[in-house]
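Work through the exercises below with the coordinates open. Try each task before reading its solution.

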Amino acid sequence: MKLGFTPEEEEFRAEAADWLNTQMAGEFADIKGITTLTEKAERRKEWEQHLGEHGWSCIGWPKEWGGRSATLAQQVIFAEEYARAGVPGRVNHIGIELAGPTLLAFGSEEQKRRFLPGIAAGKTIFCQGYSEPNAGSDLSAVRTKARLDGGEWVVDGQKIWTSLAHISDWIFVVARSEEGSKGPKGLTFLMMEIDQPGIEIRPIKQINGDAEFNETFFDGARCPEDSLIGAVGDGWRVAMGLLSFERGVSTLGQQMAFRNELDEIIAAAKANGAAHDPLIRQRIAKAEIGLRLMRYGALRMLSTTDHSKVDGAALTYKIQWASWRRSLGELAMDVLGQAGEITDNPEYEWSVLPNLFLYSRADTIYGGTNQIQRNLIAERGLGMPREPRGDK
Amino acid sequence: MDFVFTEEQQMIAETAQGFFGENATSDRTRAAMAGDGVDRQLHRDFCEELGLGGVIVPEELGGVGLGYVEMAIVAEAAGYNVAAMPLLGINIAAAMIAAGGTDAQKSDLLPAILAGEKIAAAVGNDTVSHDGNSISGRLEFVPHGNVADVFILAHPDQVWVVHAGAPGLSIITHTTMDQTRPLATLVLDGVAGEPLADTQAAITASQPAAWITLAAEALGGAQACLDRTVRYANERVQFGRPIGSFQAYKHRLADMMIEIEQARSAVYWAACANDENSDDPQLALHAAKAFCADTFFKCAADMIQLHGGIGFTWEHDAHLFFKRARSIQTLLKDGNWHREQVAKQILGEAA
């Protein structure tokens, strides 16, 4: 058991940090420090391409597909340095972290050739079409239909909470391809081009005034017959495999962004005197401890090579960070006091900490609510009997 | 970066778990509770047969010569079974003597403590007065003070060895809520202490030994609370279903697991950081002590609640964990104090 990195790994860290800091001080200085998903989206698409051109886009992917075949430790280091340098989140994170790995795991050679180079080059932006108005936590209740018609899939239905659909090029869709099928059976996983007459995107305005989610309507939307990943009716397995990619190295980068948020709260508390309040001090200490424990939890999770074992750290990570960050938002407001409740921006845009407070209410909902997470932990981690289900 | 047990560490874990599982049984713990709080057979077997008394003591001093990770592994296994033995005293006293003792103290005391022939208790206090090495005053809440043969008494000016039979020393035995680790009061009236050679080295060595032991013990205890409650949740049927199938129940089990996973990260971060002297070893100690003690208390409290009436009885073991957890929360500084140390450090006020 060890925490330290090798000299070679530290060299890699210096190289990555140096390159990232140079970009953020130069050509891309205008996007440094952005914390929302939507701000300056066009510039950030250029940043995606810039990363791709310099080989820093998806370093964990195999070399033949535009990656660096980077080791786990290198990926950890890059994720940390990326966030430390104040580089904004990746507008194509769905493509890099979900679509790409799914294609690597389930896609045909032809599909890999078709999609992976574009994702790696930052030119193919993906979004995710899972949730529906009546299929959120219960994903197996998907109703969006797909049927074959003259060598093409035709899709009708509606998806919701489609993050960044309005700036994406492609969407992957889980749709019911077998008439009358129920639950996880009869679903198919399709890759669809967004820019077509059968797809309409409507932004959903959120409590913080921003609109990163969308409703996505499919009305006779089409894609070629070979656009499916896996087999017809095998969409559930692909979708579940994809969800398992959602945890991993990117958690370390996420934590570094949390680090920046906590540091901003600490600075605010020192500036306005809140840091003298013993109760605020306790909460700041708890936040700091929680953040550190996330880091070491992630390192444990990443160091575990036996993935056949149910890994407690991995199962509990989502609810851990989401709850931690929600509390952080509340701490931020308590530190700021009433100053946190006003903005000079007439467009209802908020600075980092009030925005964190508002946005973090979503953290404990998306990607599986805290309640669903507790079910997963109890059932998969502790072997508790499943909740009886009504309709199946 | 490889933040998982090595094969050797895994082996030590299995050995320690097997040993405490087999020997630190409820019956034996309860027998010790009815006496002076120590299962002497357990203590001797642990030291002699298992030979894990001096995990962090260098081999040339009769120890095992391993690190805090291994020490934590052992303490976690002891905590899992609320073992009634003076492990805390062994770990702290041995660390202090090894780091700061004179050659004579090392050769006289360490073998006896590591062999389980002498019970050691360590206590820190700046309220006693001393005239050179003659000490007077009162030391309260000394873990295993009622049974110790030798005390390591830490004062900012000097650390002393004091023997239980020393003239001027009287020991007041208390009935302690946690009967698996009784607390005593020492009253000193001009007691002659034998000074350690290096005060600072001894005090520095005492901190990771003490706080990692307690944090790891708490982690093990919390895990035991969860495991036992999970078993009960599968066996106990109400309304025609195992109670573990009800969301209101399973969500509380999930919450226990979420806390425990973090506690596990805390213990092994603190252990590793102190072994490697990297990644904020001091911060890690405070984080681990505060977080793990609270986690243990929450899990032990939930264990009682989730067992219903049976969990409140003397017959059930839940109260052993609950009382041990409560005691760890205050022992060697409470959570608020440890978090305040974290706050000072991250607010840039550290001394």
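The exercises cover the chain interface, two loop residues and the cysteines of this predicted model.

**Exercise 1. The interface**

Task: Describe the contact between chain A and chain B by residues, buried area and polar pairs.

Solution:
- Step 1. Count residues. Chain A contributes 45 residues in contact with 50 residues of chain B.
- Step 2. Take the area. The two chains bury about 4500 Å² between them, and 65% of that lies on carbon and sulfur atoms.
- Step 3. Search for charged pairs. There are seven salt bridges between chain A and chain B. One pair is A:R300 with B:E261, with the closest N and O atoms 2.8 Å apart.
- Step 4. Count polar contacts. The interface has 25 residue pairs in polar contact, both residues being at pLDDT 80 or more.
- Step 5. Assign the chain A side to elements. Those giving two or more residues are α7 (250-272), α8 (278-303), α9 (312-336) and α11 (370-381) of chain A. The largest share, 15 residues, comes from α8(A).
- Step 6. Sort by residue class. The chain A side that touches chain B holds 20 nonpolar, twelve polar and 13 charged residues.

**Exercise 2. Two loop residues**

Task: Place A:T369 and B:I56 in their loops, and decide whether each is buried or exposed.

Solution:
- Step 1. Locate A:T369. The residue sits in the loop between α10 (352-363) and α11 of chain A.
- Step 2. Classify A:T369. Its relative accessible area is 17%, so A:T369 is buried, the cut-off being under 20%.
- Step 3. List its contacts. Beyond four places in sequence, A:T369 touches A:S137 and A:T364.
- Step 4. Locate B:I56. The loop here joins α3 (40-50) and α4 (68-80) of chain B.
- Step 5. Classify B:I56. Relative accessibility is 19%, so B:I56 also counts as buried.
- Step 6. List its contacts. Outside four places in sequence, B:I56 meets B:L66, B:G67, B:Y68, B:M71, B:A95 and B:A209.
- Step 7. Check one spacing. B:I56 and B:V74 are 18 residues apart along the chain, and their C-alpha atoms are 11 Å apart.

**Exercise 3. The cysteines**

Task: How many disulfides are there over all chains, and why is A:C223 in no such bond?

Solution:
- Step 1. Search the whole structure. The result is zero disulfides.
- Step 2. Test A:C223. The closest cysteine sulfur, in A:C127, is 14 Å from the sulfur of A:C223, so the pair is too far apart for a bond.
- Step 3. Check exposure. A:C223 is buried, at 3% relative accessible area.
- Step 4. Test B:C299. The nearest cysteine sulfur, that of B:C225, is 6.3 Å away, and B:C299 is in no disulfide. B:C299 is buried, at 0% relative accessibility.

Note on methods. Residues numbered from 1 in each chain as written. Chains lettered and ligands numbered in written order. Predicted model: local features only at pLDDT ≥ 70, side-chain atom pairs only at ≥ 80, totals over all residues. Heavy atoms only, no water. Contact = heavy atoms within 4.5 Å. Buried area = accessible area lost by both parts, 1.4 Å probe. Salt bridge = Lys/Arg side-chain N within 4 Å of Asp/Glu carboxyl O. Polar contact = N/O pair within 3.5 Å; in protein donor to acceptor, adjacent residues only side chain to side chain. Helix = DSSP H or I, 4+ residues; strand = E, 2+ residues; numbered from the N terminus. Nonpolar A, V, L, I, M, F, W, Y, C, P; charged D, E, K, R; others polar. Buried < 20%, exposed > 50% of the residue type's maximum accessible area, 1.4 Å probe, protein only. Disulfide = S-S within 2.5 Å.
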